[in-house]
Amino acid sequence: MVETAFDQSPDDEHRLGKFRRGPAEFSVVFLDSPPGAPTLYRVDCDDGVGPREVCRFGDDADEPAVWRGAWNGDEWCGWIMERARELVARPSQYDY
């Protein structure tokens, strides 16, 4: 189950929620962008050694996510995007 609690991180990032698979905890972060620019989000993964960026994506589900490093083509990519978009689709759950 996806956790949908809003969190303001110490870096003034807006965390929309998190989800877990095994030892890996994923967080979805709303990225501030200039007016008129597309809305972007980032997924971070923390598997015990600190959070690292997994991918970035926008509101348009037809636009592919930009995966980082070894995550590009990983078998979990589809699963990660499903959960990340669940969090983005619930704007009434958070205030940003």
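## A tour from the aromatic cluster outward

Begin by selecting Phe19, Phe26, Trp71, Trp76 and Trp79, which ring pairs link into a cluster; rings of Phe, Tyr and Trp (its six-membered ring) pair if their centres lie within 6.5 Å, and planes under 30 degrees apart count as stacked, over 60 as edge-to-face and the rest as tilted. The model is predicted, so that local features need pLDDT of at least 70 and side-chain atom pairs count only at pLDDT 80 or more, whereas totals for chains, interfaces and linings use all residues. Residues are numbered from 1 along each chain as its sequence is written, and side-chain values use heavy atoms, with hydrogens and water left out.

**The whole chain**

Zoom out and colour by secondary structure: the chain has 1 helix and 6 strands, where helices (H or I, at least four residues) and strands (E, at least two) are DSSP runs, numbered from the N terminus. Along the sequence these elements follow the pattern β-β-β-β-β-β-α. Of the 96 residues in the chain, 38% are buried, where buried means under 20% relative accessible area, exposed over 50%, and partly exposed in between (1.4 Å probe, protein chains only). The chain exposes about 5900 Å², of which carbon and sulfur atoms supply 47%; accessible areas come from the Shrake-Rupley method with a 1.4 Å probe, and for residues only the protein chains shown count as cover. Among contacts between residues at least 6 apart in sequence, 36% join residues at least 24 apart, a contact being heavy atoms within 4.5 Å.

**Strand β3 and its neighbours**

Next select β2 (residues 14-21) and β3 (residues 24-31), which run antiparallel and are joined by 7 bridges; two strands pair if DSSP finds at least two bridges between them. These two strands form a hairpin with 2 residues between them, and Gly22 in the turn has a positive phi of about 60°. Within this pairing, Lys18 has Ser27 in β3 as its bridge partner, and Phe19 stands opposite Phe26 in β3.

Now add β4 (residues 40-46), which runs antiparallel to β3 and is joined to β3 by 7 bridges; here the bridge partner of Val29 is Arg42 in β4. Strand β3 is mostly covered, with 7 of its 8 residues buried.

**Back to the rings**

A search of the whole structure finds 9 aromatic pairs. One of them is formed by Phe26 and Trp71, edge-to-face, at 5.8 Å centre to centre and with 75° between the planes. This pair links distant parts of the chain, since Phe26 lies in strand β3 and Trp71 in the loop between β6 (66-67) and α1 (77-88), 45 residues apart. Phe26 is buried at 0% relative accessibility, and Trp71 is buried as well, with a relative accessible area of 19%.

Keep Phe26 selected and add Trp76: these two also form an edge-to-face pair, at 6.2 Å centre to centre and with 65° between the planes. Because Phe26 lies in strand β3 and Trp76 in the loop between β6 and α1, the pair ties together parts that are 50 residues apart in sequence. Trp76 counts as partly exposed, at 21% relative accessibility.

To finish with the cluster, show Arg21, which lies over the face of Trp79 at 4.9 Å from the ring centre; a charge sits over a ring if NZ of Lys or CZ of Arg is within 6 Å of the ring centre and within 35 degrees of the ring normal.

**Salt bridges**

Side chains of opposite charge can pair when their charged atoms come close. The structure holds 6 salt bridges, each being a side-chain nitrogen of Lys or Arg within 4 Å of a carboxyl oxygen of Asp or Glu.

Start with Glu25 and Arg20, whose closest N and O atoms are 3.0 Å apart; Glu25 is partly exposed with a relative accessible area of 24%, and Arg20 is partly exposed at 49%. Move on to Asp47 and Arg52, whose side chains meet in a salt bridge at 3.2 Å, N to O, with Asp47 partly exposed at 39% relative accessible area and Arg52 partly exposed at 40%. Then select Glu53 and Arg56, which form a salt bridge with the closest N and O atoms 2.9 Å apart; Glu53 counts as partly exposed at 23% relative accessibility, and Arg56 is partly exposed at 35%. End the tour at Arg15, Arg42 and Asp44, which salt bridges that share partners join into one network.
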